[in-house]
Amino acid sequence: MKVLIATAMVLSASAANAQASAQAYPSCDLKAQRALKGEVGGLIKDPRQAHVSVRANILEADLSTARKARRLTQAATDQLYRRVEAVRTGTNRYTKAQGFLSAGELASFDRELDAIAMDVCRRAAPQPQAANESDSDYLQHRAASLNKRIDAAIKGRHATRQEAAKMHLAVGQVQTEAGHLQAVNGTIDRADADRMNQRLTDVERALTHQP
């Protein structure tokens, strides 16, 4: 009886953890993600391409959330972001060449997005990996990575130079303020860290065209 009770408790805890992950990171709910439909318009020419674009946007938003919560290191975040962008690029390339995305191609891209999502959920579940990282180091690392992504968006024609300049300015202001507070106070208090984190998140949302 005790064994059965213990097993039930473990299964219940696992279910609760899965539900919590799905709430914190929408990309963890693969069934819901597979059912997503995006809007055709602008650079999005095909419904299947639109589906992949929406999933990619949600995954990148979840990466930002996990990094902000320090569930992911910057290196892991960057690696997973590149995998998402590779799927997005491949989808756009096939759609442009053929005029549409085939069912087989969609299935392949969905499988890769599933794998990335599970990687995010797995890495985000344990305690923060960067617990010893100071707020100043965290903000500077996140800002530097974001600047690289902005530059890549210009090259990939996902952002205009005017848009990129505005985003670079916002990121630079966070870097300057974080460095100043660290130099003057020797630390950054939680309220200031949260505020600057939100400013970087706003830039990330603008970069990935999230509302």
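Three helices, α3 (47–68), α4 (74–98) and α6 (135–155), each supply at least two residues of the lining of the largest pocket. The model is predicted, and this briefing describes its two largest pockets, with volumes of about 1100 Å³ and about 210 Å³. Rolling a probe the size of a water molecule over the atoms shows where empty space is left.

**The largest pocket**

- The volume of the largest pocket is about 1100 Å³.
- Its lining is made up of 38 residues, and those closest to the centre are Glu85, Arg88, Asn92, Gly156 and His158.
- Helix α4 gives the largest share of this lining, namely eleven residues.
- Sorted by class, the lining of the largest pocket holds 15 polar, twelve charged and eleven nonpolar residues.

**The second largest pocket**

- The second largest pocket has a volume of about 210 Å³.
- Residues that line the second largest pocket include His158, Ala159, Glu163, Lys166, Met167, Leu169 and Ala170.
- Also in the lining of the second largest pocket are Asp202, Val203, Ala206, Leu207 and His209.
- Two or more residues of this lining come from each of α7 (161–185) and α8 (190–207).
- The largest share, five residues, is provided by α7.
- By class, seven residues of the lining of the second largest pocket are nonpolar, three are charged and two are polar.

**A residue found in both linings**

- His158 is among the residues closest to the centre of the largest pocket, and His158 also lines the second largest pocket.

How values were computed
Residues are numbered from 1 along each chain as its sequence is written. This is a predicted model: local features need pLDDT of at least 70, side-chain atom pairs count only at pLDDT 80 or more; totals for chains, interfaces and linings use all residues. Side-chain values use heavy atoms; hydrogens and water are left out. On a 1 Å grid over the protein atoms alone, a cavity is a set of points where a 1.4 Å probe fits but cannot get out, and a pocket is an open set with protein on both sides within 12 Å along at least five of seven lines; lining residues have an atom within 4 Å of a point. Grid points are joined across faces, edges and corners, and a volume is the space filled by probe spheres set on the points. Helices (H or I, at least four residues) and strands (E, at least two) are DSSP runs, numbered from the N terminus. Ala, Val, Leu, Ile, Met, Phe, Trp, Tyr, Cys and Pro count as nonpolar, Asp, Glu, Lys and Arg as charged, and the others, Gly among them, as polar.
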